[in-house]
Amino acid sequence: MALNVALQMDPLENVAIDGDSTFRIGLEAQARGHRLFQYTVDRLSYIAGSVRAVGRDVTLRREAGDHVTFGAWRDVDLREFDVVWLRQDPPFDMGYVTSTHLLDRIHPETLVVNDPFWVRNSPEKLMVLDFPDLTPPTVITRDIEIIRSFRAEHGDIIVKPLYGNGGAGVFHLRPDDPNLSSLMEMFGGINREPVIAQRYLPAVTQGDKRIILIDGEVIGAINRVPAEGEARSNMHVGGRPERTALTPREREICNTIAPTLREKGLIFTGIDVIDGWLTEINVTSPTGLQELERFDGVNGAAAIWDAIERRRGR
């Protein structure tokens, strides 16, 4: 049965068609006969009991420079849709949080992927706290003295915004780095949130694995290798994706977290693992589908839609 699908995402006309996971998800939906509608989060509203969006029907194709055809603008009630994709990129700020509250009002009658309640309550760098035995030593604080003590204990550390994304604002601080005070002042001047600090894992120079799970099941992984002179492996900042395989430790991590992912309705997740340590569980807008498909021939988008169609069938 054809489904009516709404994509809540960043402007579709600007996506990189050879790397964007939402674009690949949309192509797979079309191949199955599902109908696509796209809107941006700034056009999401609550009006007199109705959760509404202003957007356009879309047709996608893998043609550089001509990858989307838009229909006319229209105002829709999102309860009219079978599936809504929550896929705008972070930052995970109050605007993002508000969108999850609005989408809560239509889910699960309209299936929102991922479940907006658990997206709101499981941001990438906080959900890992449920699995302390799998993660490197970590602190979350605004107190610079705690960060100093943490660095004195562990030497090299990574400090990053608690709700950032794409590698933005990630710093590698060595034991003799004199910039810790300035860095904490900068973070404090930007917002009132704590930062997260973790023990630096030197093996990151060999890569940071993005492992993709669909409804708690591993479908594959890619390795992201930092550019020369970089501490960050994110592809947004020049990380190079390469083919990889999972180690027994990585499969143990996936088996441990899988029941939690399924219980929370987190259909599409991407976890980050460095040297056998779980560093993030990405639930907001995980990426990596297209790279995995190129390296291993794994159609992750098909696995996602199989999981969604099973849920809609139930």
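A salt bridge is counted here when a side-chain nitrogen of Lys or Arg lies within 4 Å of a carboxyl oxygen of Asp or Glu, and a search of the whole structure finds 26 of them. The model on screen is predicted, so local features need pLDDT of at least 70 and side-chain atom pairs count only at pLDDT 80 or more, while totals for chains, interfaces and linings use all residues. Residues are numbered from 1 along each chain as its sequence is written, and side-chain values use heavy atoms, with hydrogens and water left out.

**Stop 1: the sheet**

Select β12 to β16 (strands are DSSP E runs of at least two residues, helices H or I runs of at least four, both numbered from the N terminus). These five strands form an open sheet in the order β14-β13-β12-β15-β16, with antiparallel pairing, where two strands pair if DSSP finds at least two bridges between them. Because β14 (240–243) and β16 are the edge strands, each with a single partner, one side of each has no neighbour in the sheet. From one strand to the next the twist averages 30°.

Now colour β13 (217–225), which is joined to the antiparallel β14 by four bridges; Val 225 stands opposite Arg 240 in β14. Helix α8 (289–296) packs on this sheet, touching β12, β13, β14 and β15, and its direction makes about 95° with that of β13. Helix α9 (300–313) lies across β12, β13 and β15, running at about 35° to β12. For these angles, axes are lines fitted to C-alpha atoms, for helices over the stretch in contact, and the angles run from 0 to 180 degrees between N-to-C directions.

**Stop 2: charged pairs**

Within the sheet, show Arg 210 and Asp 272, whose salt bridge has its closest N and O atoms 2.8 Å apart. Arg 210 in strand β12 and Asp 272 in strand β15 are 62 residues apart, and the pair links distant parts of the chain. Arg 210 is buried at 5% relative accessible area, and Asp 272 is buried at 5% as well (buried means under 20%, exposed over 50% and partly exposed in between, with a 1.4 Å probe and protein chains only).

Move next to Arg 62 and Asp 18, where the closest N and O atoms of the salt bridge are 3.3 Å apart. Arg 62 is in the loop between β4 and β5 (68–77) and Asp 18 in the loop between β1 (4–8) and α1 (21–31), so the pair ties together parts 44 residues apart in sequence. Arg 62, at 41% relative accessibility, is partly exposed, as is Asp 18 at 47%.

**Stop 3: the largest nonpolar core**

A nonpolar core is a set of buried Ala, Val, Leu, Ile, Met, Phe, Trp, Tyr and Cys residues joined through side-chain atoms within 4.5 Å. The largest has 37 residues, and those touching the most other members include Tyr 39, Leu 78, Val 84 and Leu 103. Among the elements that each supply at least two residues of this core are β2 (35–39), β4 (50–60), α2 (94–104) and α7 (248–263). Beyond its neighbours within four places in sequence, Tyr 39 is in contact (heavy atoms within 4.5 Å) with residues including Ala 6, Met 9, Leu 44 and Val 54.

**Stop 4: Gln 38**

Finish at Gln 38 in strand β2, which counts as buried at 5% relative accessibility. Its contacts, leaving aside neighbours within four places in sequence, include Leu 7, Asp 10, Arg 56 and Phe 70. Gln 38 and Trp 85 are 47 residues apart in sequence and 9.5 Å apart in space, C-alpha to C-alpha.
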